[in-house]
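This report covers the interior of one protein model: its enclosed space and a helix set within it.

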Amino acid sequence: MKKSLKKIASMSLCAAMAIGTLAGCSSGSSDAAATTAATTAAAGGAEAGAAAGEAAPAEGTNSDQPYAGVTLKYATTQTASTGDENLKLIELVKEQTGINIEFYVIPTAKAGEVDKTLVSLMAGDEVDLIYNTKPGLKTFYNAGVLTPLNEIAATVGYDIPGTFGDYVPEFDGDVYGLPAFSDIWITLYNKKIFDDAGVPYPSAEGWTWEKYIETAKQLTDTSKGIYGSFMLDYDCYAYMYALQKGWEPYKADGTGNFDDPLFKESLEFFYGLGNNEKIQPSILEFKAANMPWNSFVSTGNYGMFMCGGWVTSVLNQFDKYPREWKTGLLPMPYPEGEDPSTLTVPGCYAVPSTSKNKEAAFAAAACMAENQYTLGMGRVPARVDLSDEEISNYIETSLLCIYDPPGIYRNPGIHQRSCKN
C-alpha cells in the first residue's frame, strides 16, 4: 500500500470515529477514472486463448469488449448471490467488459467444515471465478485448484504488481488472485442501547478489550433480551487476541504453533466473553439458536458488534433492515498494555483451474478487483496505482458519505442525498 493511502485512510477512519453516525447514502455504480485496463489489454490475448482451446470471444465484438457475450460462472453462497454489492458488481462487469456472470450457488460451510467451494472444485466442477481472502486462497492453492495468473497477465499486458503491489496472494513465486479491497476490523455500536442504559458513547482512545468488556456489562440486560456484545463463530475470533499479542501461527520449521500458550489464552478469552463474562450469547447458545450474521442490524438487541468492516455495507440498506436507531463506529479493541491493532485482510478474486475460459475470467476478475470500491459500499481499495488526488476524492465523496453529523438521522426513504462521483 502507498504510504499516502495509509495516511489518508487513517485520517478518514479518525474522521469517521469523530462523526460516529452511520446512515444511508446512494452512490454511483462506477467510476470513469477507474475503468479496467484488463478488458482492453485482453483483446491482444484473445487469439492465444482460442489457440489453447479456451472459449473465444463472441463474434462481432468490439475491441473495448473483446469478451462480450461470454458467460462465466461465479461460485458464491446463496446469501452473497442476492446481496446488493454482488448484484451491482456483476452489472459493472457486464457494462465494462460485456461478460455475463452467472452465480454458481454453493452451500455455506459451517465453522470447522471444509469449504464447500473447495470440495466442488476438487470434484472437477466447472467454475470460472471464486472469491476468498488472501490467506484463504492458500488452502485452494495447496489443493491444486487455482490457475496461476502470471502468464495470462503477461499475455494480455496487464501489470499485476503495478496495480496491486503487495496485496496480491502470491505462493511460490506465482500470483493466484487479484485483490479488490483490504477489509479492516471495527466495532459498531447501537446508540439507542447506550442511551437506554444511560451509558456514555465510548471513545476510540484507550479502546482496549478491558474497556470493551466493562462497557458491554453495563449494556447487558438479558431480562429484555439485550446483550452488550455480539460476535460470530468465524475461526478468526478464536485467535484474534493471540495475534494482537504477537502470536505467530507457524513455527520456524513450518509446523503449526497452536501449542503456544498465547493461543490457549486467546481461546479462553473469546469463549469466555459468553461463557464467563456473560456479555454475549455463549457459543452453545449461538449455535443452538442458529443466529444469523446480520443479527446486530436486524434485531437491534446487541450493544456492540465487532467484525470486519464489510458489515458496514448493510447499514444503508434500509429496505432490508428498517430501523430507527443510529450506529456508532470505533476501532477494534486491543489488549491492555499492547499497541492498538486490528485485523486486516485483502479480499481477492481468483480463477479456478476448472475454468474453460481463463482469459475471460481473468478480465472479469481484474474488472471486479479494480472497481469494486466504486460501488458505494465503504470498501478500502487494494490498489497502489491510484494517485493521492484519486484516493482523497474517493474518501471524501464516497467512503465517508455513509457517515452523517451527530444528531442527524437520514433514511433514504425520507431524506435521501447522493454522494458526489
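## Largest cavity

In this predicted model, the lining of the largest cavity is made up of Phe230, Met231, Leu232, Phe270, Tyr271, Gly274, Asn275, Gln280, Pro281, Ser282, Ile283 and Phe286. Two elements, H13 and helix H14 (283-288), give two or more residues each to this lining. H13 gives the most, with four residues.

Sorted by class, the lining has eight nonpolar and four polar residues, and no charged ones. The volume of the largest cavity is about 90 Å³. In total, the structure holds four cavities of 30 Å³ or more.

## Helix H12

Helix H12 spans residues 235-244, and seven of its 10 residues are buried, so the rest of the structure largely encloses this helix. Buried here stands for under 20% relative accessible area. The buried positions in H12 are Cys236, Tyr237, Ala238, Met240, Tyr241, Ala242 and Gln244.

Which elements do the buried residues of H12 pack against? They pack against two strands, E6 (178-190) and E8 (302-308), and against two helices, H11 (209-219) and H13 (261-275). H13 is thus named in both parts of this report: as a packing partner of H12 and as the element that gives the most to the lining of the largest cavity.

## After the helix

Just after H12 comes glycine 246, which takes a positive phi of about 95°.

Technical notes: Residues are numbered from 1 along each chain as its sequence is written. This is a predicted model: local features need pLDDT of at least 70, side-chain atom pairs count only at pLDDT 80 or more; totals for chains, interfaces and linings use all residues. Side-chain values use heavy atoms; hydrogens and water are left out. Buried means under 20% relative accessible area, exposed over 50%, partly exposed in between (1.4 Å probe, protein chains only). Contact means heavy atoms within 4.5 Å. On a 1 Å grid over the protein atoms alone, a cavity is a set of points where a 1.4 Å probe fits but cannot get out, and a pocket is an open set with protein on both sides within 12 Å along at least five of seven lines; lining residues have an atom within 4 Å of a point. Grid points are joined across faces, edges and corners, and a volume is the space filled by probe spheres set on the points. Ala, Val, Leu, Ile, Met, Phe, Trp, Tyr, Cys and Pro count as nonpolar, Asp, Glu, Lys and Arg as charged, and the others, Gly among them, as polar.
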